[in-house]
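Subject: Structure handover and findings

Hello,

Here is the structure we talked about handing over. Please open it alongside this email, since the notes below refer to residues by number.

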Amino acid sequence: GSIFQHGTRPADFVLAPALATAALSLGEQDGAWLAAASLDRYLLATGRPQIYGTQFIAIPDQPTRQSALDRDLLTDAIRKATRVPVLAEQTPPPGH
């Protein structure tokens, strides 16, 4: 099965990291990135900056940009452990 980080309300975004963490504990390594990305999405949905740097904004006819990010809360070691690029490597998704 698959776990997605999409939804319409903050509660949807809280469920995703819980499920991703459970999947990670069962050996599904992609759960690490999904837990980070869905936590970032939850934080943004509740008016707070993301902490991993996984979320970007794509607006037609404009360059893709990273959503608000608290660059100081996490270390790059934590980003690496959750399969998120370190800050210096974070760029918009390809083609944007």
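Helices here are DSSP runs of H or I with at least four residues, numbered from the N terminus. R41 lies in one of them, helix α2. Please keep in mind that this is a predicted model.

Overall layout

The protein chain contains three helices and two strands. Along the sequence they come in the order α-α-β-β-α. Of its 96 residues, 32% count as buried. The accessible surface of the chain is about 6,100 Å², and 58% of that belongs to carbon and sulfur atoms. Taking contacts between residues at least 6 apart in sequence, 34% join residues at least 24 apart.

The largest pocket

The largest pocket has a volume of about 190 Å³. Its lining consists of W33, R41, G53, T54, Q55, F56, R83, P85, E89, Q90 and T91. Sorted by class, that lining has three nonpolar, five polar and three charged residues.

Two of the lining residues, W33 and R41, can be placed in more detail. W33 is in helix α2. With a relative accessible area of 33%, W33 is partly exposed, because the partly exposed class runs between under 20% (buried) and over 50% (exposed). From W33 to P17, 16 residues away in sequence, the C-alpha distance is 9.4 Å.

R41 is also in helix α2. Its relative accessibility is 23%, so R41 counts as partly exposed. R41 and F56 are 15 residues apart along the chain, and their C-alpha atoms are separated by 9.9 Å. Both R41 and F56 belong to the pocket lining.

The nonpolar core

Which residues make up the largest nonpolar core? There are six: A36, L43, I51, Y52, L74 and V84. Y52 has contacts well beyond its sequence neighbours within four places: A36, L39, D40, L69, L74, I78, R79, T82, V84 and Q90. Of these partners, A36, L74 and V84 are themselves members of the core, and Q90 is in the pocket lining.

Two buried loop residues

Is Q50 buried or exposed? Q50 sits in the loop between α2 (30-45) and β1 (56-57). Its relative accessibility is 0%, so Q50 counts as buried. Setting aside neighbours within four places in sequence, Q50 is in contact with D40, L43, L44, Q55, Q66, S67, A68, L69 and D70.

S67, one of those partners, lies in the loop between β2 (65-66) and α3 (76-81). S67 has 9% relative accessibility and therefore counts as buried. Residues up to four places away aside, S67 touches L44, Q50, Q55, F56 and I57. Q55 and F56 in that list also line the largest pocket.

An exposed loop residue

D72 is found in the loop between β2 and α3. Its relative accessible area is 70%, so D72 is exposed. D72 and Y52 are 20 residues apart in sequence, with 10.0 Å between their C-alpha atoms. The loop that holds D72 is also where S67 lies, so this loop has an exposed residue and a buried one.

Regards

Methods: Residues numbered from 1 in each chain as written. Predicted model: local features only at pLDDT ≥ 70, side-chain atom pairs only at ≥ 80, totals over all residues. Heavy atoms only, no water. 1 Å grid on protein atoms, 1.4 Å probe; cavity = no way out; pocket = protein on both sides within 12 Å on 5 of 7 lines; lining within 4 Å. Points joined across faces, edges and corners; volume = space filled by probe spheres on them. Nonpolar A, V, L, I, M, F, W, Y, C, P; charged D, E, K, R; others polar. Core = buried A, V, L, I, M, F, W, Y, C linked by side-chain atoms within 4.5 Å. Buried < 20%, exposed > 50% of the residue type's maximum accessible area, 1.4 Å probe, protein only. Contact = heavy atoms within 4.5 Å. Areas by Shrake-Rupley, 256 points an atom, 1.4 Å probe, with all protein chains shown as cover.
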